[in-house]
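Thanks for making time this morning. I would like to walk you through one model, going from its surface to its helix packing and then to its charged pairs.

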Amino acid sequence: MTKHSTPMTGPLSPVSFTGAGSELSAALTARLDEVEEFLDIAVTQTEKLPNETSHHLLRAGGKRVRPMLVLLAAEYGDSSTRDVVKASAAVELIHLATLYHDDVMDDAPVRRGAQAAHEVWGNSVAILTGDLLFARASLLSAELGVEAVELQSRTFERLVLGQLNEFAGPQPGDDPIEHYLKVLADKTGSLIAGSCEFGLLASGAPAELVPVLRDYGERVGVAFQLADDIIDLTSDAQTSGKTPGTDLREGVPTLPVLCLRRAAAAGDAEAQRIVELLAADLSSDEALETARAALAAHPVTAEARAEARRWSDAAVSALDALPAGWIKDSLAAFADTVVSRVA
C-alpha cells in the first residue's frame, strides 16, 4: 500500500511540544508519523470508489490538531501503548467524517485547498463517505473498550446536536451570540475535549485529570472556531485553503456577523450599511469581496478577535490544576497559538 504522509508540524500546525526537549520532541513527532500511517491503513477499502473517496480529505492534508492533543494528554500516562495511536486515529476520523457532511450542508466548494468531495462525486457519495469514516472510528473505539465507545457516543451526540441547533438557529427570546457559542461548544469544543479525554483513557492516566482537560478542551475548541471566523474574513485563499468570505456567501452567522447585527440594531450607521451589503447577492466575487473587506475593517471584527482571546485565556486558566511541566506548557502554547494563527 502506498503511504500518503502529511507533515504535521510547521507553520500550519498550531500545536508544538513546548519545552519537551529535542529528544522527546523528536519522539512525539515520530509518533505523529505513526498515527498518519495508521490513518492511511484505517480508511483503506477494498473497492476502488470508497477507497478513493475515503482517502480524499486525508490526502489533502490538515493540521492533525486532535491527534496531537491525544498524544499530549497521553503523556500523563503510558504514552507508548498502541491504544494511544488508535485513539489518535479515531478522533481524526470522526473529525474528517464531519467535514464531508459539513461541506455538503454548507455547499462548500473547497476544503484544504482541494475540491470538496461533493464537488467531485456528488452529495450522496460524500455523505456516505462520511458515514464510512464514522464507522471506522467506531471500530477503533470498540477496540479500546466500553469507556471509549461511551466517550465517542457522547461526543458524537453533541456534534450532531450542535449541527442541528446551528441549522435551527436561535429560538425566540434566545440571545443569538450565546446560541452561537453553545453551537461552537458542541460542534468543535466537544471533539477537542474528547481528544484530550481519549488520550488520558488510552494511556491509563489518572482519572482526576479528566475534568481538567475536558474543561480545557471545551474552551480551547470554542477559541479555535472563533479564530476560524476571523480567518475566513482576513486570510487569503493560498494561506487558508478556502475562499475568503465563504462563510458570508453561504450566510453562516459567524461571530463578526452577529456582532455586526447587534451594532446595527443599536444604531451604528456603518454597521447598518454593511448588513445591507451582506444581505445582497454575494454570488459574484466582486460583491463578496466588497462585503468581506467592509466587515473585516469594522470594529466588530476586532471585538470578535478579542472574544476568541478571552476563550483562549480561559482555556489556559483551566490548566492551573495540572502539575507544572512541558505538557502543561505545550497545552497552554496551543491555546495561545490558535487565536493568533492565519490558517
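**A walk through the model**

On the surface, Phe156, Val160, Leu161 and Leu164 come together as a nonpolar patch, and their combined accessible area is about 320 Å². Please keep in mind that what you are looking at is a predicted model. One member of that patch, leucine 164, belongs to helix α7, which covers residues 146-168.

Let me turn to the packing of helices, where two packed helices are described by the angle between their axes and the distance between the axes. Here helix α2, residues 48-59, packs with helix α4, residues 82-106, at an angle of about 100 degrees, and the two axes lie 10 Å apart. Because angles from 65 to 115 degrees count as roughly perpendicular, α2 is roughly perpendicular to α4. From α2 the contact draws on Thr53, Ser54, His56, Leu57 and Leu58, while α4 supplies Leu96, Leu99 and Tyr100. In character, the residues of this contact between α2 and α4 are five nonpolar and three polar, with no charged ones.

Finally, the charged pairs: side chains of opposite charge can pair when their charged atoms come close. Across the whole structure, a search finds 20 salt bridges. One that I would point out joins the side chains of arginine 82 and glutamate 34, at 2.6 Å from N to O. This pair links distant parts of the chain, since arginine 82 sits in helix α4 and glutamate 34 in helix α1, residues 22-42, with their positions 48 residues apart.

Terms used:
Residues numbered from 1 in each chain as written. Predicted model: local features only at pLDDT ≥ 70, side-chain atom pairs only at ≥ 80, totals over all residues. Heavy atoms only, no water. Patch = residues over 30% accessible without salt bridge, like charges linked within 9 Å, V, L, I, M, F, W, Y side chains within 5 Å. Areas by Shrake-Rupley, 256 points an atom, 1.4 Å probe, with all protein chains shown as cover. Salt bridge = Lys/Arg side-chain N within 4 Å of Asp/Glu carboxyl O. Helix = DSSP H or I, 4+ residues; strand = E, 2+ residues; numbered from the N terminus. Axes fitted to C-alpha atoms, helices over the stretch in contact; angles between N-to-C directions. Parallel < 35°, antiparallel > 145°, perpendicular 65-115°, else oblique. Contact = heavy atoms within 4.5 Å. Nonpolar A, V, L, I, M, F, W, Y, C, P; charged D, E, K, R; others polar.
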